Amino acid sequence: MKRIFALAVALCLAFACLAPALAEETADKTGVTMRIASLQGPTTMGLVKLMQDAEAGLTANDYTFAMEGTADAISPLLIQGELDAAMIPCNLAAVLIGRTEGALEIAAINTLGVLYVLENGDTIQSVEDLRGKTIFSTGQGTTPEYALDYVLSKNGIDPDVDVTVEFRSEATEVASAMLNDAAAIAVLPQPYVTSVLMQNENVRVALSLTDEWDKVGDGSAMITGVCVVRREFADEHPEAVAAFLEEYAASTEYVNANPAEAAEWIAELGIVGNAQIAEAAIPACNIVCITGEEMIAKASGYIDALYEQNPESVGGQVANETYFYVAESEG
């Protein structure tokens, strides 16, 4: 009986010690729900730890998440105010900011360069070797098209005349073409690159578009994806947006530091075929969460570079300070 009583006292004391911490955690809740959409690929890969924490009730905000195969499915939801934040291509963010007259703001860079040229064979050793070739690609009207066009143009190749680009609606279709066509050349993002390489030993990475951009980009950096927030939401709930950016940054750091665990979540969500592919791809996916002044410098440089090459690719204007959201703690 004494042992039982002692155990009961110990449990009471333990609960008394935990109660303040539990109360503090509850007090830290913002009481705000953020509606977030992302694309199937690296932008969602960086979110998976945040998704796990949100499901366990460990986040300051409550979240709803939606993953789409194409940016076309996300754009109207952003315009109509049915989302509070979204992970989309950087050039599309610029277009939508212009189209909505500043109703959206770029709050973070979430993915740097993840685009590669693949081939069955060993004929592509430089950008010049793409001249006269047929290239399969996804992302018409978004990052893959404009990044490829920029690199080709800077190397003296007219993308409308000197190559033939055959677009497919999703990266999985381009991956299938690479696996089934022995003569195929393709532009693919991670993690699909890793998936193809693991399924066909004859396919090789011929070029990194990130490396090729760096050679001709005049100091700008290739940016695949950004996080945009709805300006009205950010103005009404600055504490929630600040909490989200902190939690999202922690999520990307965790995914990069724990690829094996993150790969299991990524596979469960159907982002890639299996955890083995996901784990191998994570180091090459350039998953980041860059905010503040560094975000502004990198994203502005990228948007301006695309404007120089094709103004319509970024909505017909260069970036300015109104394009960006910076939390007060970073200002």
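Select lysine 49 and tyrosine 254. In this predicted model, lysine 49 lies over the face of tyrosine 254. The distance to the ring centre is 4.7 Å.

**Aromatic pairs**

Stay with the rings. A search of the whole structure finds seven aromatic pairs. Select tyrosine 150 and tryptophan 213 next. Their rings are stacked, 4.0 Å centre to centre, with 25° between the planes. Now colour the helices. Tyrosine 150 belongs to helix α6, and tryptophan 213 to helix α9 (residues 209–216), so the pair ties together parts that are 63 residues apart in sequence.

Are these two residues buried or exposed? Turn on a surface and look. Tyrosine 150 has 1% relative accessibility, so it counts as buried. Tryptophan 213 is buried as well, because its relative accessible area is 0%. The cut-off for buried is under 20%.

Move to tyrosine 323 and phenylalanine 324. This aromatic pair is tilted: the centres are 6.4 Å apart and the planes make an angle of 40°. Tyrosine 323 is buried, at a relative accessible area of 1%. Phenylalanine 324 has 7% relative accessibility and also counts as buried.

Then select Tyr63, Phe65, Phe244 and Tyr248 together. These four residues form one aromatic cluster.

**A loop glutamine**

Go to glutamine 190. Which elements flank its loop? The loop runs between β8 (185–189) and α8 (192–199). Despite the loop setting, glutamine 190 counts as buried, at 4% relative accessibility. Show its side chain and that of threonine 194. The two side chains make a polar contact at 2.8 Å.

**The largest pocket**

Finish with the largest pocket. It holds about 600 Å³ of space. To find it, select Leu39, Gly69, Thr138, Gly139 and Thr142, the lining residues that lie nearest its centre. How many residues line the pocket? The lining has 32 residues.

Now select these elements one by one. Each supplies at least two residues of the lining:

- α2 (42–45)
- β3 (85–89)
- α6 (143–154)
- α7 (171–180)
- β10 (223–230)

Helix α6 links two stops on this tour: tyrosine 150 lies in it, and it supplies part of the pocket lining.

Last, colour the lining by class. What is the make-up? Of the lining residues, 18 are polar, twelve are nonpolar and two are charged. Glycine is counted among the polar residues here, and Gly69 and Gly139 are two of the residues nearest the pocket centre.

Note on methods. Residues numbered from 1 in each chain as written. Predicted model: local features only at pLDDT ≥ 70, side-chain atom pairs only at ≥ 80, totals over all residues. Heavy atoms only, no water. 1 Å grid on protein atoms, 1.4 Å probe; cavity = no way out; pocket = protein on both sides within 12 Å on 5 of 7 lines; lining within 4 Å. Points joined across faces, edges and corners; volume = space filled by probe spheres on them. Helix = DSSP H or I, 4+ residues; strand = E, 2+ residues; numbered from the N terminus. Phe/Tyr/Trp six-rings, centres within 6.5 Å; stacked < 30°, edge-to-face > 60°. Buried < 20%, exposed > 50% of the residue type's maximum accessible area, 1.4 Å probe, protein only. Lys NZ or Arg CZ within 6 Å of the ring centre and 35° of its normal. Polar contact = N/O pair within 3.5 Å; in protein donor to acceptor, adjacent residues only side chain to side chain.
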